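Here is a report on enclosed space inside a protein model. It also follows one residue that borders such a space.

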Amino acid sequence: MTFKRHILSAILVLALGGCFTAKAQREYSPNFAIGGRAGVTMSKMSFSPEVHQKFTNGLTFGLAARYTEEKYFGLIGEINFTQRGWAENFAEDEAPQFSYTRTLTYIQIPLMTHIYFGSNKCRGFINLGPEVGFMIGSSIDANFDYKNYGSIQGFPQGYRTNEQLRMDIQNKFDYGIAAGAGVELIIKRRHSFFLEGRYYYGLGNIFKDSKRDFFSASRGMSIEVTLAYMFRVR
């Protein structure tokens, strides 16, 4: 846990450091913009012991605010509704007749350094920073009785990890690192459209991870592709 905190602290310092360095340079007119974003997610989990799984699809949408006080550099914060989770890969166990998907719904708040480059019409950008989230919902879509899989004829067992199928979520708070890149199209100075691809790696476990617990790691990871609109307030 100490190592994870050091990672997040370092990234947070990087993100917030711009607030202080920006005060030393006033050559660039401050820019504040607000808007919304929406898109799709592809996600799965990092389990230890390993779980046979594949990506599952979800949705993400929310509000965003961006502040820049230096040319090429700024901060961007968001409040998003995001679906993550995983889908079991039974085809890997030669049992494709079974299907199981768990969807985890979060309210997530990233705060990222925003680095951009290009012209006043079209820009590329990179976003990087910490993210925290809280799970507000969890749902399971399965075509079998996952709470009693041991009594199902033909269900793969023994060599396959199945404990996660019926375990309740034990930790709803999540935190991790988000990094993205994309392109911004500026229309008549105040209107912007963003297309971004973003990767999130979670550092928090959804199941308990003590030495007595089954999973030592159960962290989320996702890929997001979103389209955003921003309006420059000033």
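The report covers the cavities, then one lining residue.

This is a predicted model, where local features need pLDDT of at least 70, side-chain atom pairs count only at pLDDT 80 or more, and totals for chains, interfaces and linings use all residues. Residues are numbered from 1 along each chain as its sequence is written, and side-chain values use heavy atoms, with hydrogens and water left out.

**Cavities**

The structure holds two cavities of 30 Å³ or more. A cavity is a set of points on a 1 Å grid over the protein atoms alone where a 1.4 Å probe fits but cannot get out; lining residues have an atom within 4 Å of a point. Volume is the space filled by probe spheres set on the points.

| Cavity | Volume | Residues nearest the centre |
|---|---|---|
| Largest | about 90 Å³ | I76, E78, F194, E196, A228 |
| Second largest | about 80 Å³ | M45, R84, L104, Y106, G220 |

The largest cavity is lined by 13 residues. Strands β4, β6, β8 and β9 each supply at least two of them. Strands here are DSSP runs of E, at least two residues long.

The second largest cavity is also lined by 13 residues. β1 gives the most to this lining, with three residues.

**R84**

R84 sits in strand β4 (residues 73-88). Is R84 buried or exposed? R84 counts as buried because its relative accessibility is 5%; buried means under 20% relative accessible area, with a 1.4 Å probe and protein chains only. The side chains of R84 and E131 share a polar contact of 2.8 Å, that is, a pair of N or O atoms within 3.5 Å, one able to donate a hydrogen and the other to accept it.

Note on methods
Helix = DSSP H or I, 4+ residues; strand = E, 2+ residues; numbered from the N terminus. Buried < 20%, exposed > 50% of the residue type's maximum accessible area, 1.4 Å probe, protein only. 1 Å grid on protein atoms, 1.4 Å probe; cavity = no way out; pocket = protein on both sides within 12 Å on 5 of 7 lines; lining within 4 Å.
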